[in-house]
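Take a look at the structure below. We will go through its open space, its packing and its charges, in that order.

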Amino acid sequence: VLAGINFTNLTVAQADQRAKEIGVKKLFGVGRTRIGLQLLVEVFCLCLIAALIAWGMLILSSNALQKWFNEDIRVYILHRDTIFQLAGAVLVTTCLAGIYPALTLSAFRPIGLLRGHFQTGHTRTGFRNALLTLARALQLSLIMRSKLSRATSLGFPHSRCTTLSLC
């Protein structure tokens, strides 16, 4: 969810880099639907590549994970249900992270874009700020849950937990 929110914000924030491209396409008669579809296909390709890289990394690290979980992970990695779930996750992520940028970028007016009058309206900025606020709230809740789980007894010894310090 957080990755989708951040991806959506980055896509809309980088809209000014693609503004002239979209303006030229609109001047040559490419419709809003086709531009939006192109942007959705680009998001789908990015999500698919990310999922394939993650799946490949999971396959490569399956021996280490097998020792950690004491179970054969390869059975689950290559199972039909896992592949369908991964495909579903790619489609859902594409829809959630790609629809808003596709609608936003395809709605630009070509004449203003080519003259250099690229503006994002207050509603777009407000929606982006709302997405950023939601992302920060989710991050804070995850951090608070991890701190709370260390303070309470979870039924297993904390000495067997592994903690990675990133800072």
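Start with helix α6, which gives the most to the lining of the largest pocket: 5 residues. Keep in mind that this model is predicted.

Which helices each supply at least two residues of that lining? They are α1 (2–13), α6 (80–106) and α8 (122–151). In total, 13 residues line the largest pocket. Nearest its centre lie Val 1, Gly 4, Ile 5, Leu 96 and Ala 97. The space inside comes to about 280 Å³.

What classes of residue make up this lining? Nonpolar residues account for 10, and polar residues for 3. There are no charged residues in the lining.

Now turn to the packing. In soluble globular proteins, nonpolar side chains tend to be buried together. Here, the largest nonpolar core has 6 residues. Its members are Ile 22, Ile 35, Leu 39, Ala 102, Leu 105 and Phe 108. Two or more of these residues come from α3 (32–60), and two or more from α6. Helix α6 thus appears twice in our tour: in the pocket lining and in this core.

Last, the charges. How many salt bridges does a search of the whole structure find? The count is 1. The side chains of Lys 25 and Glu 21 form a salt bridge, with 3.2 Å from N to O. Both residues sit in helix α2 (residues 15–27). They are 4 residues apart, about one turn of the helix.

Are these two buried or partly exposed? Lys 25 has 22% relative accessibility, so it counts as partly exposed. Glu 21 has a relative accessible area of 31%, so Glu 21 is partly exposed too.

How values were computed: Residues are numbered from 1 along each chain as its sequence is written. This is a predicted model: local features need pLDDT of at least 70, side-chain atom pairs count only at pLDDT 80 or more; totals for chains, interfaces and linings use all residues. Side-chain values use heavy atoms; hydrogens and water are left out. On a 1 Å grid over the protein atoms alone, a cavity is a set of points where a 1.4 Å probe fits but cannot get out, and a pocket is an open set with protein on both sides within 12 Å along at least five of seven lines; lining residues have an atom within 4 Å of a point. Grid points are joined across faces, edges and corners, and a volume is the space filled by probe spheres set on the points. Ala, Val, Leu, Ile, Met, Phe, Trp, Tyr, Cys and Pro count as nonpolar, Asp, Glu, Lys and Arg as charged, and the others, Gly among them, as polar. A nonpolar core is a set of buried Ala, Val, Leu, Ile, Met, Phe, Trp, Tyr and Cys residues joined through side-chain atoms within 4.5 Å. Buried means under 20% relative accessible area, exposed over 50%, partly exposed in between (1.4 Å probe, protein chains only). A salt bridge is a side-chain nitrogen of Lys or Arg within 4 Å of a carboxyl oxygen of Asp or Glu.
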